[in-house]
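Got a minute to walk through a fold before you head back to the bench? Have the sequence and the model open side by side.

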Amino acid sequence: MTPSQQGGVGGVAKPQEEGVAGRIFGLDLLRALAIGGVLVSHLQLVFWGGRSALAGVLGTLGVELFFVLSGFLIGGLLLDILEQGAGPRALWTFLVRRWMRTIPLYYLWLGVLLLCGTWAGATRWPWFFLSFTQNLAWPMTSAWFDVSWSLMVEEWFYLLFASLLIALAGVMRASRALGISCALFIVLPLLARWIADDAVAADWDARIRKVVLLRLDAIAYGVAMAWLMRSRRRACDALAQPMLALGLALVGASVLSSLEPASYQSASWRAGFFSLTSTGFALCFPAVVRMRQPGRGMEALVRWASQRSYGMYVVHLSVMEFARRLMLDGVLQPREGVLLACLATAVLAELSYRLVEVPLLARRPRQHARGERGHRNRRGMRVIAS
């Protein structure tokens, strides 16, 4: 899940036509909707005990959308790397750029929670969190800093997928390497979920949904769509609206099925739910990237939420739990607790964006020779490094 710095995908967006700093409104909107779903879900969980099943589903969908969106964006970057000439140096630069985008804030907030362990939760397992292994092949070792489960899916995907792709690209055509990499990362986790499933003992959320090695396919769907939109651009242009309709239908089906308790009794559903949802989201992208911008006020609000979504995601649940503790202690009334949680999340996300994320983004090494402002790939399409 997690959100990452937006960049254009080759052949899809032209910076001068997409508003401020070359941002694509449709992708900003998806990111804003994703963080909104997560916030609504956790607000009702923390303050109202998770009474609304629909709100809970919105949180699940929000994280899944973050995964596909991340894959779509880094897919474009990996395609550019392959076209420029992939190798160990390109891989290292890609990983460093990803790590500088995501890891500093993770460690910063992890340190804050460790220092505030008396209210933030148990600190029995800090070494797992420090080494990114709290849910690598097993359920989360602690409910403390629970939202980090999705960050681990992203970090391990960056490392494993990019390494496999560039290794294969060294011995075969780039298109075949990408196809094999996507196929392996989509099929193997699905099979692993099926094999790992235990309808009697399994906690579906903890033992399936939040285990890294069972969820690496979520991001691969976005990579596959970026590849499809570049290699079959005309077809995606022509079929954008039918693909959008089909994608929304698949997401709608996943929502309806998840609201039906009987669905959770099916091993096929427990294994395939994520594949259905991710496919649905991925199919929406050809239409979404071509959305027209609304009025300036709406565009500015969506862009603000999109740019700060990573900070909001990292801090929000801990802030909500802190506000709820103040409510239980009689310091705050329920409405005051909810208001404090929302305002504190927004303020901390703003500080993170301005003081941590933007300064580090400006210091990342260049992925391509022409730097951050973009370049022309071999097909003459304008792309932006991210």
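Here's a quick tour, from the whole chain down to single residues.

Keep in mind that this is a predicted model. The chain has 386 residues, and 55% of them are buried. Its secondary structure comes to 16 helices and 2 strands.

**The chain as a whole**

- Count just the contacts with a separation of 6 or more, and 75% of them join residues 24 or more positions apart.
- The accessible surface adds up to about 17,200 Å², and carbon and sulfur atoms account for 64% of that.
- One nonpolar patch on the surface covers about 680 Å² and is built from I180, L184, V187, L188, L191, W194 and I195.
- W194, one of the patch residues, sits in helix α7, which runs over residues 174–196.

**Helix α16**

- Helix α16 takes in residues 334–362, and at 1.5 Å a residue its 29 residues should span 42 Å; the C-alpha atoms at its ends are 41 Å apart, so the two values agree.
- There's a bend in α16, though: about 40 degrees, at Y353.
- Y353 is also on the list of buried residues in α16, together with G337, V338, A341, T345, A349, E350, S352, V356, E357 and L361.
- What packs over those buried residues? The cover includes α1 (25–48), α3 (88–115), α14 (296–307) and α15 (309–328).

**Salt bridges**

- The model has 15 salt bridges.
- R308 pairs with E350, with their closest N and O atoms 2.4 Å apart. This pair ties together distant parts of the chain: R308 is in the loop between α14 and α15, E350 is in helix α16, and 42 residues separate them.
- Are R308 and E350 buried or exposed? Both are buried.
- R193 and D217 also meet through their side chains, at 3.0 Å from N to O. Here the link runs from helix α7, which holds R193, to helix α10 (residues 217–231), which holds D217, and the two are 24 residues apart.
- R193 has a relative accessible area of 0%, so it counts as buried. D217 is buried as well, because its relative accessibility is 0%.
- K210 bridges to D205, with 3.2 Å between the closest N and O atoms. K210 is buried at 9% relative accessible area, while D205 is partly exposed at 26%.
- D205 and K210 belong to a salt-bridge network that also takes in D146 and R209.

**V314 and F145**

- V314 is part of helix α15, and with a relative accessible area of 0% it is buried.
- Which residues does V314 touch? Leaving out anything up to four places away in sequence, V314 is in contact with L105, W109, F145, V147 and L151.
- V314 and F145 are 169 residues apart in sequence, yet their C-alpha atoms are 8.7 Å apart in space.
- F145 is in the loop between α5 and α6, and its relative accessible area of 4% makes it buried.

**Backbone oddities**

- Most residues other than glycine have a negative phi.
- F145 goes the other way, with a positive phi of about 55 degrees.
- F132 has a positive phi too, near 60 degrees.
- F132 lies in the loop between α5 (126–130) and α6 (148–169). F132 is buried, with a relative accessible area of 15%.

**The loop between α12 and α13**

- S263 is in the loop that joins α12 (240–258) to α13 (267–288), and Y264 is in that loop as well.
- S263 has a relative accessible area of 14%, and since under 20% means buried, S263 is buried.
- Y264 is at 29% relative accessibility, which means that it counts as partly exposed.
- Skipping residues up to four places away in sequence, S263 touches S257 and W269. On that basis Y264 touches W204, S258, W269 and R270.
- How far apart are Y264 and W204? They are 60 residues apart in sequence and 8.2 Å apart in space, C-alpha to C-alpha.

Definitions and conventions: Residues numbered from 1 in each chain as written. Predicted model: local features only at pLDDT ≥ 70, side-chain atom pairs only at ≥ 80, totals over all residues. Heavy atoms only, no water. Helix = DSSP H or I, 4+ residues; strand = E, 2+ residues; numbered from the N terminus. Expected span 1.5 Å × (residues − 1). Bend = angle between axes of the 7 residues up to and from the residue. Buried < 20%, exposed > 50% of the residue type's maximum accessible area, 1.4 Å probe, protein only. Contact = heavy atoms within 4.5 Å. Patch = residues over 30% accessible without salt bridge, like charges linked within 9 Å, V, L, I, M, F, W, Y side chains within 5 Å. Areas by Shrake-Rupley, 256 points an atom, 1.4 Å probe, with all protein chains shown as cover. Salt bridge = Lys/Arg side-chain N within 4 Å of Asp/Glu carboxyl O.
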